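Here is a protein model to explore together. Keep the sequence and the 3D view side by side as you read.

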Amino acid sequence: MSMKINIKKLKADAVIPKRGSKQAAGYDLYAYTQNPITIEPHKTELIHTGIAIEIPEGYFGAIVARSGLSVEQGLRPANAIGICDSDYRGEYIVALHNDSDCVRVIKHEERIAQLIVMPYLEVEFNEVDKLEDTERGIGGFGSTGK
């Protein structure tokens with residue numbers, strides 16, 4: 001079962017996100033640029049997509065790394081996972097970070113990240129004086145690895 005999501009091309013030749021396979025969870029996002037963009041080692045550049053998306057209420061768009069791009073070129077979204085809220089109507093822009101020691105170049109229509117549309121729960125925080133006890137308690141990083 002699929003959900004219809006409105007998308008607007010902000011540039012006539014922008015590329016609509018596409019899945020790499022029939023059961024892929026992510027939809028590839030494509031760079032929209034007049035000229036190749038150079039990303040210096042350990043630097044971040046904003047990469048435009050030329051599209052705006054109307055994510056339905058109760059969902060958000062998660063912008064995540066493309067595994068091939070991150071493994072082969074050391075490129076990933078700078079904030080690890082970008083969150084696009086359902087009330088955002090602007091252009092999707094990916095802050096792409098170069099973790100490698102080599103200069104990387106992004107060209108027009110190159111796949112730069114992937115978008116996963118996900119539901120979220122609306123919560124109400126209830127302030128209390130004490131939280132319920134558990135076996136783990138306040139054990140933090142590494143406390144459950146035995």
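## Strands side by side

Find Arg19 first: it stands opposite Tyr27 in β3. Keep in mind that this is a predicted model. The strands β2 and β3 run antiparallel and are joined by two bridges. Moving on to β3 and β11, you'll find four bridges joining them, and this pair runs antiparallel too. Here Tyr30 stands opposite Arg111 in β11.

These strands belong to something wider: an open sheet of five strands, in the order β2-β3-β11-β6-β8, with antiparallel pairing. Which strands stand at the edges? They are β2 (18-19) and β8 (82-84), and each has a single partner strand, so one side of each is left without a neighbour in the sheet.

Now look at the β8 end. Strand β6 (residues 59-64) is joined to β8 by three bridges, and the two run antiparallel. Ile63 stands opposite Gly82 in β8. As a bit of background, side chains in a regular strand alternate between the two faces of the sheet.

## Charged partners

Next up, the salt bridges. Side chains of opposite charge can pair when their charged atoms come close. How many salt bridges are there in this model? The count comes to four. Three of the pairs are listed here, including the gap between their closest N and O atoms.

| Pair | Closest N and O atoms |
|---|---|
| Asp28 and Arg111 | 3.3 Å |
| Arg76 and Asp99 | 2.6 Å |
| Asp133 and Lys130 | 3.5 Å |

Start with Asp28 and Arg111, whose closest N and O atoms are 3.3 Å apart. This pair links distant parts of the chain: Asp28 sits in strand β3 (residues 27-30) and Arg111 in strand β11 (residues 111-119), 83 residues apart. Is Asp28 buried or exposed? It's buried, since its relative accessible area is 7%. Arg111, with 37%, is partly exposed. There's a third member to look for as well: Asp28, Arg66 and Arg111 are linked in a network of salt bridges.

Then there's Arg76, which forms a salt bridge with Asp99. This one also links distant parts of the chain, from Arg76 in strand β7 (residues 75-77) to Asp99 in the loop between β9 (91-98) and β10 (104-106), 23 residues apart. Arg76 counts as partly exposed at 27% relative accessibility, and Asp99 is partly exposed with 36%.

Finally, try Asp133 and its salt bridge with Lys130. Asp133 is exposed, and Lys130 is exposed as well.

## A buried isoleucine

Let's head for Ile47, which is found in strand β5 (residues 44-54). Its relative accessible area is 0%, and because buried means under 20%, Ile47 counts as buried. Which residues is Ile47 in contact with, leaving aside its neighbours within four places in sequence? The list is Ala31, Ile37, Ile39, Tyr92, Ile93, Val94, Leu96, Ile106 and Ile112. You can also check Ala95: its C-alpha atom and that of Ile47 are separated by 6.2 Å, though the two residues are 48 apart along the chain.

## Out on the surface

For a contrast, turn to Leu121, Val123 and Phe125. Together they form a nonpolar patch on the surface, with about 440 Å² of accessible area. Val123 is found in the segment after β11. With a relative accessible area of 55%, Val123 is exposed, because the cut-off for that is over 50%.

## Two loops and two cysteines

What do Ala80 and Glu109 have to show? Ala80 has a positive phi of about 70° although it is not a glycine. You'll find Ala80 in the loop between β7 and β8, and it counts as partly exposed at 49% relative accessibility. Glu109 also has a positive phi of about 70°, and it is not a glycine either. Glu109 lies in the loop between β10 and β11 and is partly exposed, with a relative accessible area of 40%.

Last stop: the cysteines. A disulfide is a covalent bond between the sulfur atoms of two cysteines. How many disulfides does a search of the whole structure find? It finds zero. Cys84 counts as buried at 9% relative accessibility, whereas Cys102 is partly exposed, with a relative accessible area of 41%.

Notes. Residues are numbered from 1 along each chain as its sequence is written. This is a predicted model: local features need pLDDT of at least 70, side-chain atom pairs count only at pLDDT 80 or more; totals for chains, interfaces and linings use all residues. Side-chain values use heavy atoms; hydrogens and water are left out. A salt bridge is a side-chain nitrogen of Lys or Arg within 4 Å of a carboxyl oxygen of Asp or Glu. Buried means under 20% relative accessible area, exposed over 50%, partly exposed in between (1.4 Å probe, protein chains only). Two strands pair if DSSP finds at least two bridges between them. A disulfide is a pair of cysteine sulfur atoms within 2.5 Å. Patches are made of residues with over 30% relative accessible area and no salt bridge: like charges are joined within 9 Å, nonpolar side chains (Val, Leu, Ile, Met, Phe, Trp, Tyr) within 5 Å. Accessible areas come from the Shrake-Rupley method with a 1.4 Å probe; for residues, only the protein chains shown count as cover. Contact means heavy atoms within 4.5 Å.
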